[in-house]
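Subject: A structure for you to look at

Hi there,

Here is the structure I promised to pass on. Have a look at it first, and then read on for what turned up.

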Amino acid sequence: MKLFRIAANPSILHLVASKGITVAQGSELKLDEQSLITSQLIKKHAPAVDVADAAVVREKTAQLALTLDLARQGFEAGEPAATIVDRLAGRLHELRNQVNAAVWQQLIPLAQEHPVSAFLKQDPFTRWSFDKPRGYSGDASLLDIYYKHPSADEIVASSTELGREIYAYTSEAASSAAGRERRDILARTVDATAERVENAEVLAIACGHLREAELSRALAEKKLKRWVGLDQDPISVGIVNRDLAGTAVEAIDGSVKGILRRAYNLGTFDLVYASGLYDYLPRAVGIRLMQRAMEFVKPGGEFLFANFSDEITTDGYMETFMDWPLILRSADDMWDIINGSVDKNTVEAEVFYGTNRNIVYGVVRKHAG
C-alpha cells in the first residue's frame, strides 16, 4: 500500500493550521492502488501492449522539440499567453494522437524537462497539478482552482503576472468549463432527487471538497435527511466538515478498496454518485465499484458517474506539463461499464455528454419494485 504522510508537506501544514481544519493526528493519505491517481500508479498498472519504435521516437522527439522551442520563443518575445498555450495544447494533442502509448510515454519527460516548463508552471493551475501538494493528481484543491472558488484566490493572486495570464486561458479551456458544469449538474441532480423523494439521502463517493453542496437549493432549504461524503483524503474530509457544519452533510474517511470490501455500513441512499473518480479507474475496477455502489442504492434510486471524455483536446498538455493523466472514455466505454455491472432487466440506464462533450455521464436507475 502506498502512503503519503500529510505532515510531510509544509503548505498542507499551513493550510491545516491557518484554516481551522481538523485532521486526526498522524493522519495519512492512503493510496490503495484501486484508484490510480498518480502518473506513477497509472504507468505501473497500464497493460504493456505497445512497443516504442526507435525511428518513430526520433522523429516525434524532433517534432516535439520544435513545438516546445516555438512556445518558449513566444514567451520570450512577449506574445499573448493565451495564443501560445492554445497553440501548444493543440499541437500536443495532435502529437499524442499520432503515436502509440509507448512512444508517448517516452515523450512526456522530454516535455517536462524543457525550458518552456518554467514559463508554464507560473500558471497556478499547471503548477499545482504538477507539484501535487496533496500527494496525488486531481486533488480537491486543484478542482477549486479551476472552479475559481474563493478558497483558491490566494493561490492565484500569489502567482506572477504571466502566471495569471496563462491561468486566464487554462481556467477557461473547454475541459475546465466542463468541470464547472459537472459541479452544476451534480447540484441539480441532488435537488431533483430531493424533489422526487421526501427526506432524500445522498452519498458522494470521492467527494473532494463537495463544492456542489454550495450550489444545492435542497441543502439550503433543509430538504435532505443526510448527504454523506466519502473520501480517502483526510484534509478533504476535514474541509467538508468544517465548511458545512450544521447542515445535513457529513464527510467520512473511505476509499475505493473499502467500498469493494464492503467495509462501510452506511445504509442506503436515493442518490449515489461518483463525479471525478472514474477518470482514474481501470475498467475492471470501475465495474466492481458500480456493482458495490448499486448495493447502496434504494429501489427507485439512482447511481450517477462521470468521466472526462476521449474528445477533450487538452489531454496532451495535461499529461505533460500538468503531470495529470486521466483514463478517458467514450459513450460506448460508459455503456460497457454499465452493461458489465448490472442486470439490464432490473434498471434503466442512460449515457449523455455535457454541453461541450468534454465530460460524459452515465446514470443507472434501479427499478422501484
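Which residue in β5 does Asp231 stand opposite? In this predicted model, the partner of Asp231 is Asp253 in β5. Strand β4 (residues 224–231) runs parallel to β5, and 5 bridges join the two.

Both strands belong to an open sheet of 7 strands with mixed pairing, in the order β5-β4-β3-β6-β7-β9-β8. At its edges are β5 (249–253) and β8 (347–353), each of which pairs on one side only. From one strand to the next, the twist averages 15 degrees.

Two helices are worth finding here. Helix α15 (residues 283–295) lies across β3, β6, β7, β8 and β9, and runs at about 150 degrees to β7. Helix α17 (residues 331–341) packs on the sheet too, touching β7, β8 and β9, with its direction at about 160 degrees to that of β8.

Now for the nonpolar cores. The largest has 71 residues, and Leu210, Trp227 and Tyr273 are among those with the most contacts inside it. Helix α4 gives the largest share of this core, 7 residues. A second, separate core has 33 residues, including Phe269 and Phe305.

Helix α4 (residues 81–98) also meets α3 (residues 54–76): their axes come within 9 Å and cross at roughly 175 degrees, which makes α3 roughly antiparallel to α4. Among the residues making the contact are Leu64 and Leu68 of α3 and Ile84 and Leu88 of α4. The contact residues divide into 11 nonpolar, 4 polar and 3 charged.

Enjoy exploring!

Best wishes

How values were computed
Residues numbered from 1 in each chain as written. Predicted model: local features only at pLDDT ≥ 70, side-chain atom pairs only at ≥ 80, totals over all residues. Heavy atoms only, no water. Axes fitted to C-alpha atoms, helices over the stretch in contact; angles between N-to-C directions. Helix = DSSP H or I, 4+ residues; strand = E, 2+ residues; numbered from the N terminus. Parallel < 35°, antiparallel > 145°, perpendicular 65-115°, else oblique. Contact = heavy atoms within 4.5 Å. Nonpolar A, V, L, I, M, F, W, Y, C, P; charged D, E, K, R; others polar. Core = buried A, V, L, I, M, F, W, Y, C linked by side-chain atoms within 4.5 Å. Buried < 20%, exposed > 50% of the residue type's maximum accessible area, 1.4 Å probe, protein only. Pairing = 2+ DSSP bridges.
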